[in-house]
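Here is a short report on one protein model. Please look over the sequence and the structure first, then read on.

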Amino acid sequence: MTKVPNYHSSRLCRANRGHACVNSARDPNAISKLQLNVPRRLFWGQCKLFIFGDELAKNGIRKEIDFLARHPSPRGKSLLYVSKGEARDILTLIPPLERYSGEALRKVSQIENGMITTLKDVDMGLMGESESVSMPYIKKLSQNDKTRKSNQTIPVFEGTAVYKKDKMIGTLNMKETRGLLWLKDEVKRSTISVKPKGEDGKVTMTPTIGKMSFRPKIKENRWMMHLNIAIEGDIVQNETQLNLLNEDVLMKIQGEFEAALKKRVGQTVEKLQKDFKTDVIDFGRKFHQHYPKEWKKVQDHWEEKFPEVEVHITVNAKIRRPGYIGPPAALPRDEVKE
């Protein structure tokens, strides 16, 4: 079997009775040679996800994306990932709950955290104004259980791989990735924890409604982007001695959540602007839509202009339900802080 290092696809294949298949697909010649050793016709339409090794990602994936986007079989909804180390190592894992590592990875992406990048997203991103994209960055979960083999584990998210044009230039950690998901308006399940001033414990909220809006503005040659985040959520844990049924206390906690989310999103924007100088959050497209004449003047050197954009973040948080009880459960009444 002809293989190309660091680039693999996992497909749940009916022809193989559901077994995960590992194929090499960097060029048509490799596929032709592979077909000689497979008794059934290879069909790319059944591929649900593709994984790029980080070595290949750093060297550039334009040829691979061109093949997948141009070939009529691969689906635009196929999910793309970058793995820490060899891509093949991810597909040989044996997860405890799912039959295949590829299926476990796909379900976590779609159900749990919203970290999804499709083939269509990457193709459109590389052709867009910023020529930049992001992909989930994954690794093998290490385990200390000596009774299990090294491959009896699951793939987990390490953060986000950031691309400038077709080359990976760095990664965001999980905290920064959460900020990126807010910027992309793709948060599905998340929690925000704050530690109120003067308290030892934390208060944790799970957002139920979250909306991000962008308002680009150019004034006196100053390029500005106003980000407005509206968030509603429920309190799921109270480790403090505060009575969350007290309206004044609740308003204070809402302010804490607003500050925490503003800081989280701001840190992600700062890293993209200052460290990577890469616009994976589509500021360029939004300026192009609102200011087409001004955009033409900077489109050829947007990577130099993007770090100069002034970003203003406004967060409006609302706690819908603080829970059935105000104070922490089992806390004596005389210790509750109103």
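Start with helix α3, whose face turned away from the buried side carries the exposed residues Lys63 and Arg70. This is a predicted model. The helix runs over residues 62-70, and Glu64, Ile65, Phe67 and Leu68 are its buried residues. These four cover an arc of only 160° around the axis, which puts them on the same side of α3.

**A second helix with two sides**

Helix α6 can be read in the same way. Leu119, Val122, Gly125 and Leu126 are the buried residues of α6. They fall within an arc of 135° when seen down the axis, so they line one face of the helix. The other side of α6 has Lys120, Met124 and Met127, which are exposed.

**The largest pocket**

Helix α6 (119-127) also appears in the lining of the largest pocket, as one of the elements that give two or more residues to it. The others are β5 (132-140), α7 (174-183) and α9. Which element gives the largest share of this lining? Strand β5 does, with five residues.

The volume of this pocket is about 680 Å³. Its lining counts 31 residues. Nearest the centre lie Asp121, Lys184, Glu186, Val280 and Asp282. By type, the lining divides into 13 nonpolar, nine polar and nine charged residues.

**Aromatic rings**

Now turn to the rings. The structure holds seven aromatic pairs. In one of them, Phe214 and Phe283 have ring centres 6.2 Å apart and planes at 70°, so the pair is edge-to-face. The cut-off for that class is over 60 degrees. Phe214 belongs to strand β9 (residues 203-219) and Phe283 to helix α9 (residues 283-290), so the pair ties together parts that are 69 residues apart in sequence.

Are these two rings' residues buried or exposed? Phe283 is buried, at a relative accessible area of 0%. Phe214 has 21% relative accessibility and counts as partly exposed. That class begins where buried ends, and buried means under 20%.

Phe214 has a charged partner as well. The charged end of Lys286 sits over its ring, 4.3 Å from the centre. Both Phe214 and Phe283 belong to one aromatic cluster, which also includes Trp223, Phe287, Trp295, Trp302 and Phe306.

**Two residues with positive phi**

Most residues other than glycine have a negative phi. Which way does phi go at Glu220, negative or positive? Phi of Glu220 is positive, near 50°, and this residue is not a glycine. Glu220 sits in the loop between β9 and β10 (222-238). With 68% relative accessibility, Glu220 counts as exposed.

Lys277 is another residue to look at. Its phi is positive, about 50°, although it is not a glycine. Lys277 is in the loop between α8 (247-276) and α9. Its relative accessible area is 43%, and Lys277 is partly exposed.

**Contacts across the chain**

Some residues that are apart in sequence can be compared by their C-alpha atoms. The table lists three such pairs.

| Pair | Apart in sequence | C-alpha distance |
|---|---|---|
| Ile61 and Lys167 | 106 residues | 6.7 Å |
| Gln110 and Leu79 | 31 residues | 9.8 Å |
| Arg222 and Val309 | 87 residues | 7.5 Å |

Where does each of these pairs begin in the fold? Ile61 is in the loop between α2 (54-59) and α3. Ile61 counts as buried, at 0% relative accessibility. Gln110 is part of helix α5 (residues 101-113). Gln110 is partly exposed, with 33% relative accessible area. Arg222 belongs to strand β10. At 38% relative accessibility, Arg222 also counts as partly exposed.

**Putting it together**

A few places are worth finding again in the view. Helices α3 and α6 each have buried residues on one side, as the arcs of 160° and 135° show. Helix α9 holds Phe283, which pairs with Phe214 of β9, and α9 also gives residues to the lining of the largest pocket. Strand β9 and strand β10 are joined by the loop that holds Glu220, and Arg222 lies in β10.

Terms used. Residues numbered from 1 in each chain as written. Predicted model: local features only at pLDDT ≥ 70, side-chain atom pairs only at ≥ 80, totals over all residues. Heavy atoms only, no water. Phe/Tyr/Trp six-rings, centres within 6.5 Å; stacked < 30°, edge-to-face > 60°. Buried < 20%, exposed > 50% of the residue type's maximum accessible area, 1.4 Å probe, protein only. Lys NZ or Arg CZ within 6 Å of the ring centre and 35° of its normal. Arc of directions from axis to C-beta. 1 Å grid on protein atoms, 1.4 Å probe; cavity = no way out; pocket = protein on both sides within 12 Å on 5 of 7 lines; lining within 4 Å. Points joined across faces, edges and corners; volume = space filled by probe spheres on them. Nonpolar A, V, L, I, M, F, W, Y, C, P; charged D, E, K, R; others polar.
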